[in-house]
Amino acid sequence: MNEMRMAASLLRLHFHDCFVNGCDASLLLDGSDGEKFAGPNINSARGFEVIDAIKTAVESACSDVVSCADILAIAARDSVLLSGGPSWKVLVGRRDGALANQTGANLSLPSPFESLDIIIAKFSAVGLNITDVVALSGAHTIGLSRCALFSNRLSNFSGTGAPDSTLDTSLISQLQNACPANADGNNTVPLDIRSRDLFDNHYFTNLVNGRGILQSDQSLFSSDVAISTTKTIAQLYSNNSAVFFDDFVSSMIKMGNISPLTGSNGQIRKNCRIVNSA
């Protein structure tokens, strides 16, 4: 209620956690060698203090039971629901890992600058398929992007001397105004310019109209690789939000099941930022 953007931030924490070492809350560990300082997360991943507040409340009510990894999974679901999206039953019982993996975060997390075939391969590496790629990308129906992640599309794209040809021309001046060439790249723009805080299928309608903000988003519809992989799914979601919601739920549950620590593996961290002392 204090900041609607936080929904997208918490959803992204779960995603960035699960793609590295599985859903083990390794992302939350402090330390200069931690995942927080990996390229995809530094000056970007946010909401850690919200997770701290949840953990404090949960520990005071019911100590040593609910892991930080489960908190991330539940907070992601609630963030979607509170933004107008679907709900689902979150499987629980994940335990927290003891090691962060900064190298893994740098190598495994998809980048907005990568081509669609590389992104598909990174999803496949954690057991997620092409439908999962499109459905989970739909999380960009909420939240903001820093200019640094797409300003390369606004002029001399890939050395062409012109903006990205897949970007709707009527959007270019709007984005150039929001992202001045002499700025530091930290200004922000909604990823879904039609309804930035509402979880809906407008993200996909935007892609059909060349109004995806990130190159990686627009490539789901406009790239050559998309023709035989993601384009028809994106088109379907743009026309049918119920199908998108159903597939998003299935993909979130799948993602939440990536290599969890269970049983006696891992631990229930008392403080999500540090491993329990022996």
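Me: I'm starting with Asn101. What does the side chain of Asn101 make a polar contact with?

Reply: With the side chain of Asn21, at 3.0 Å. The general idea is that a pair of N or O atoms has to lie within 3.5 Å to count, so the Asn101–Asn21 pair qualifies at 3.0 Å. Keep in mind that this is a predicted model.

Me: Where does Asn101 lie, and is Asn101 buried or exposed, or something in between?

Reply: Asn101 is in the loop between helix H3 (68-82) and helix H4 (102-108). For burial, the band from 20% to 50% relative accessible area is called partly exposed. Asn101 has a relative accessible area of 24%, so Asn101 is partly exposed. Leaving out residues up to four places away in sequence, Asn101 touches Val20, Asn21 and Glu35.

Me: Let's move to helices. How many residues of H9 are buried?

Reply: 6 of the 8 residues in H9 are buried, so the helix is mostly covered. The buried ones are Ser216, Asp217, Gln218, Ser219, Leu220 and Phe221. The cover over these buried residues includes H5, H6, H8 and H10.

Me: What comes after H9, say at Ser223?

Reply: Ser223 sits in the loop between helix H9 (215-222) and helix H10 (231-239). At 19% relative accessible area, Ser223 is buried, because the cut-off for buried is under 20%.

Me: Which backbone oxygen does the side chain of Ser223 reach?

Reply: The backbone oxygen of Ser219, at 2.7 Å. Beyond four places in sequence, Ser223 touches Leu116 and Gln218.

Me: And what about Ser137: where is Ser137, and which backbone oxygen does the side chain reach?

Reply: Ser137 is in helix H6, and the Ser137 side chain reaches the backbone oxygen of Val133 at 2.7 Å. Here's a general point about helices: with 3.6 residues a turn in an α-helix, residues three or four places apart point the same way. Ser137 is buried at 15% relative accessible area. Setting aside residues up to four places away in sequence, Ser137 touches Asp132, Tyr203 and Leu220.

Me: Back to the loop after H9. What does Val225 contact, leaving aside neighbours within four places in sequence?

Reply: Val225, which is in the loop between H9 and H10, is in contact with Leu116, Asp117 and Ile120. Val225 counts as partly exposed, at 31% relative accessibility.

Me: Now the rings. How many aromatic pairs are there?

Reply: The structure holds 13 aromatic pairs. To read one, look at the angle between the ring planes: over 60 degrees counts as edge-to-face. Tyr203 and Phe204 have ring centres 4.8 Å apart and planes at 85°, so that pair is edge-to-face. Both residues are buried.

Me: Which other ring does Phe204 pair with?

Reply: Phe244, again edge-to-face, at 4.9 Å centre to centre with 70° between the planes. Phe204 belongs to helix H8 (residues 202-208) and Phe244 to helix H11 (residues 241-255), so this pair ties together parts that are 40 residues apart in sequence. Phe204 and Phe244 are both buried.

Me: Which residues do the ring pairs link into a cluster?

Reply: The cluster takes in Trp88, Phe199, Tyr203, Phe204, Tyr237, Phe244, Phe245 and Phe248.

Me: Rings can have charges over them too. Which ring does the charged end of Lys231 sit over?

Reply: The ring of Phe221, 4.9 Å from its centre. Elsewhere, Lys36 lies over the face of Phe48, at 4.3 Å from the ring centre.

Me: Last topic: empty space. What is the volume of the largest pocket, and which residues lie nearest its centre?

Reply: A pocket is open, whereas the probe cannot get out of a cavity. The largest pocket has a volume of about 880 Å³. Its lining has 43 residues, with Arg12, Phe15, His16, His140 and Leu214 nearest the centre. Among the elements giving two or more residues to the lining are helix H1 (6-18), helix H5 (116-125) and helix H6 (130-137). H1 gives the largest share, 6 residues.

Me: How many cavities of 30 Å³ or more does a search of the whole structure find?

Reply: The search finds 1. The largest cavity holds about 70 Å³ of space, and its lining includes His14, Ala73, Trp88, Arg94 and Met252. Trp88 is also part of the aromatic cluster.

Methods. Residues numbered from 1 in each chain as written. Predicted model: local features only at pLDDT ≥ 70, side-chain atom pairs only at ≥ 80, totals over all residues. Heavy atoms only, no water. Helix = DSSP H or I, 4+ residues; strand = E, 2+ residues; numbered from the N terminus. Buried < 20%, exposed > 50% of the residue type's maximum accessible area, 1.4 Å probe, protein only. Polar contact = N/O pair within 3.5 Å; in protein donor to acceptor, adjacent residues only side chain to side chain. Contact = heavy atoms within 4.5 Å. Phe/Tyr/Trp six-rings, centres within 6.5 Å; stacked < 30°, edge-to-face > 60°. Lys NZ or Arg CZ within 6 Å of the ring centre and 35° of its normal. 1 Å grid on protein atoms, 1.4 Å probe; cavity = no way out; pocket = protein on both sides within 12 Å on 5 of 7 lines; lining within 4 Å. Points joined across faces, edges and corners; volume = space filled by probe spheres on them.
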